[in-house]
Amino acid sequence: MTATDTVATTLADRPIDYEPTWRAYIRLYGTLMRTSIAQQFQYRTANYLYMIGMIAEPVVYLVVWQTIAEAQGGEVGGYTAGTFAAYYIVWTLVRNMNIVFTPFGWEERIREGQLSAQLVLPVHPIHYDLGSFAGWKVVVIALWLPIAGVLALVFRPTLDPTAGQIVAFAVAIWGAYLIRSLFLWLLGMLTFFTTRVTAIFEAYFAAELLLSGRLIPMALMPEWVQTLAMFLPFESTFGFPITALVGPITQEELVVGLLLQLFWIVVGAVAVRFAWRGAVKHYTAVSG
Amino acid sequence: MPSDAAVITTGLRKVFRVPVREAGLAAATRSLVRREHRDVVAVGGVDLRIEPGEVVGFLGPNGAGKTTTLKMLSGLLHPTSGTVRVLGHEPFRRERDYLRRMTLVMGNRNQLQWDLPALDSFELSRAIYRLPEDLFLRQRDELIDLLDLGALVDKPVRNLSLGERMKAEIANSLLHRPEILFLDEPTLGLDVTMQRRIRSFLADYNRRHGASVMLTTHYMADVEALCKRVIVIHHGAILFDGALTDLSEQFAAHKTLVVTLERPTDPSSWSRYGDVVASTPTRATLRVGREATAAVVASILSDHDVRDLTVEDPPIDEVIELAFASAEAPS
Amino acid sequence: MSPVDPASASASEPRRGSSLRIPLLHLRVGVMNELQYRANFAVQLLQTFVQVATGLIALALIFDHTTDLNGWTRPQLIVVLGMYNVVGGMIGFAIEPNMGRLMADVRLGTFDYVLTKPVDAQLLASAREFRLWRLTDVAVGIGVTIWGVVQLDDGLSLGRLVGFVAATTVGIVLVYCIWLVVTTGAFWIVRMDMVQDLFTGMYRAGQYPVTVYPAWLRLTMTYLVPVGFAVTVPAESLTGRLTWERVVLTVVFLVVALGVTRLVWRLGTKHYAGASA
């Protein structure tokens, strides 16, 4: 067995000079985004049909509220037909930005063994989702522009953001993406512990619909609902990014909103870290 | 404890708690209130020692505990009790340093990006394993060369055949130059040519890099071609651990004799030498007790004018079946 | 062992019209299967309530800020919401599962089994799979509709009720026709599931009467995704808004849709047989 012996020593003799952590993460995210862009671009027709199907929801809200605004003499709760149009058109981009890995997907991920495959890799699996969905977002933004153009022609939005608002919006949509990714990951991890997750997920999404600004601008909600929403992460993922661009919003509110997003990112990241540890512990104890 | 072995386990056990399900609505309703559980021992106290550079075949029927053991070695399962060290690490801690030095390939799992060329997946692996450029390129090109992947790596993976995909899959999981390979059914569902290709690659790879290999398989050809050492596991316990050639010694009580004669003889006369498997007047296949083989051969040679005579161990899968059978019947 | 033995089932009902026997048999098997998964029922019930509750909350928010929506009062909109759930439930119960199965069959080549049965293929393909629990949507939707009707100022006449039942039936058949035509596209273009997504997305607009929408969307909702016919027309008949022109138009559209669907189906299966042979 001399051959084996000599080679064995060469493996030990040639330790790999691993790339430094920061560069490795940049490379990882770069590669994930690049591959995901290439992949999603192949599915651009499917992506387009999906995005167009999604337009129905905000268009329904928009038409209803424009009708009300006109019936009320042009304005409801500070929103005119034009600002409603702006709100719900920007809504379409924000909605696309915050589509992330669905909590319903975990069951399949576990059943099909994708989770096991990821667990033997020396990287936390959340990076795959964050990186590859981020790449998809790039495709989505590109595909969205013409849709927004058509919607703008049809619904005549009133949109007059300041430079500060535009910058804040550009940051806030990625903040929204990150917050929703983290919280839905957290929610999805329930799948490790119980099989009756659908009910919980549905309840979560219903709460999100009402408390995020997805159904209507939060300013139109009763006072107590607005107060309640301030203590939850939902508005940071929907209402805030939209309002950041559409207004009305002050400079201070922009800064506070962005800081609030940062707060929820930290909360989400810490929670995911601990929940993940528990989930893996459970998983390696019972299923593998 | 000497830590230069690639794998050391002592008393490695895995017990699963499974809910007891009875048929019928009444039982189902009852189980909503009070779940009854039953302990199932998947692996029941396994002691293993595998040296660096060894290729070990891990054999056993479905449900014997092969995959559970591999999963404990690769860190996917936490042992219920016992110790396990692989490359000096406790796998279930899933330390990055450990994960970077091992690889797990499951024959029916696809880790490559489906819609993209394999090269893109290789890039992703490079990022995941933090490989420096020169090593990555060297290793990648060597694997492409050894596995004959040159014409395939720039086609979308979905356009590759099952076997081609498996080759790309194997290349992808070896880019980071792992020191230990856990292969769970790497040749599952592949055609014979492709199986042979992958086998010869694994043997070659092991020779070149001295990596330890543990593989489970249902194909005895894999075992015969690759593994000097086999571990047979049954009901979560090791039934046999040793050289492949010793396996027949231990479990096959018989050998097979094939005799061809110069002149015809009465076919009924064969039965005095042993169990007749098949016979014609000039040719017979006999099953003879292992101890009696030499004496039987001698008497056939003295009784007849023999043109040709071979003595064979039974085929390896038959031996393994015998091994399982011997485990079933407590002796 | 299958819960229903086809031989004994047909023996016990020898005189039933043979064309309907097979769908009914499938229905029975589907029901028996789903009865085994009662947990799904609880989940579906919750889903239904969440959906209806959010619909009602949306209405509450609207009427916080206005007294009518383009001439529709609050009880009338509650009727529309109820009907939206009834029709959505019927689609989920009988139409969507069959169309999904058909699409999968065409993609996997198992559609051969449908064509080789000595039954009308369109009928067989349209009535093989049923999701029993989606009927909770129908039940809750009927409840909401009744709740809306009792709040109406001008009550309910027998004529309106008859018109309502007829309009609902016609509406659901129309949805089936158009959905089948879309699905039949799978015979030519294999990836049609995204079109299904599109369709499902558009259906959401049925929560409000189509007359609320601008003309282009109203026409789309009425003729392409005939949720206008399926939800708004029944609701109109309940709330006494239905006109004679609407009735005539609906009947004409139904006849045309049935004919076109049959034609497209024929062409599609012909194309399938030609392509796979």
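Colleague: In what order do the six strands of the open sheet in chain B run?

Modeller: The model is predicted. In chain B, six strands form an open sheet with mixed pairing. From one strand to the next, the twist averages 15 degrees. The strand order is β5-β6-β7-β3-β8-β9.

Colleague: Why is one side of β5 and of β9 in chain B left without a neighbour in the sheet?

Modeller: The order of the open sheet begins with β5 and ends with β9 of chain B. One side of each lacks a neighbour because these strands stand at the edges, each with a single partner strand.

Colleague: Which residue in β6(B) stands opposite V105(B)?

Modeller: Strand β6 of chain B covers residues 180-184 and pairs with β5(B) in the parallel sense, over five bridges. The residue of β6(B) that V105(B) faces is L183(B).

Colleague: What angle does the direction of helix α11 of chain B make with that of β8(B)?

Modeller: Helix α11 of chain B, residues 316-328, packs on the sheet. It touches β3, β8 and β9 of chain B. Its direction and that of β8(B) make an angle of about 40 degrees.

Colleague: Which element gives the largest share of the side of chain B that touches chain A?

Modeller: On this side, 37 residues of chain B are in contact with 31 residues of chain A. At least two residues each come from α3, β5, α4 and α7 of chain B. The largest share is five residues, and they come from α4(B).

Colleague: How many residues of that side of chain B are charged?

Modeller: The residues of chain B that touch chain A divide into three classes. There are 16 nonpolar and eight polar residues, and the number of charged ones is 13.

Colleague: How many helices and how many strands does chain A have?

Modeller: Every element in the run of chain A from the N terminus is marked α. The C-alpha atoms fill a box of roughly 90 × 40 × 35 Å along the principal axes. Of the 288 residues of chain A, 42% count as buried. The count for chain A is 13 helices and zero strands.

Colleague: Which element of chain A has the lowest mean pLDDT?

Modeller: Chain A averages a pLDDT of 89, and 95% of its residues score at least 70. Over residues 1-10 of chain A, however, pLDDT stays under 50. Helix α8 of chain A has the highest mean, 96. The lowest mean, 46, belongs to residues 2-13 of chain A, helix α1.

Conventions: Residues are numbered from 1 along each chain as its sequence is written. Chains are lettered from A and ligands numbered from 1 in the order in which they are written. This is a predicted model: local features need pLDDT of at least 70, side-chain atom pairs count only at pLDDT 80 or more; totals for chains, interfaces and linings use all residues. Two residues are in contact if their C-beta atoms, placed from the backbone, lie within 7 Å. Helices (H or I, at least four residues) and strands (E, at least two) are DSSP runs, numbered from the N terminus. Ala, Val, Leu, Ile, Met, Phe, Trp, Tyr, Cys and Pro count as nonpolar, Asp, Glu, Lys and Arg as charged, and the others, Gly among them, as polar. pLDDT is the predictor's confidence in each residue, from 0 to 100. Two strands pair if DSSP finds at least two bridges between them. Axes are lines fitted to C-alpha atoms, for helices over the stretch in contact, and angles run from 0 to 180 degrees between N-to-C directions. A residue is buried if 20 or more other C-beta atoms lie within 10 Å of its own, exposed if 12 or fewer, and partly exposed in between; C-beta atoms are placed from the backbone.
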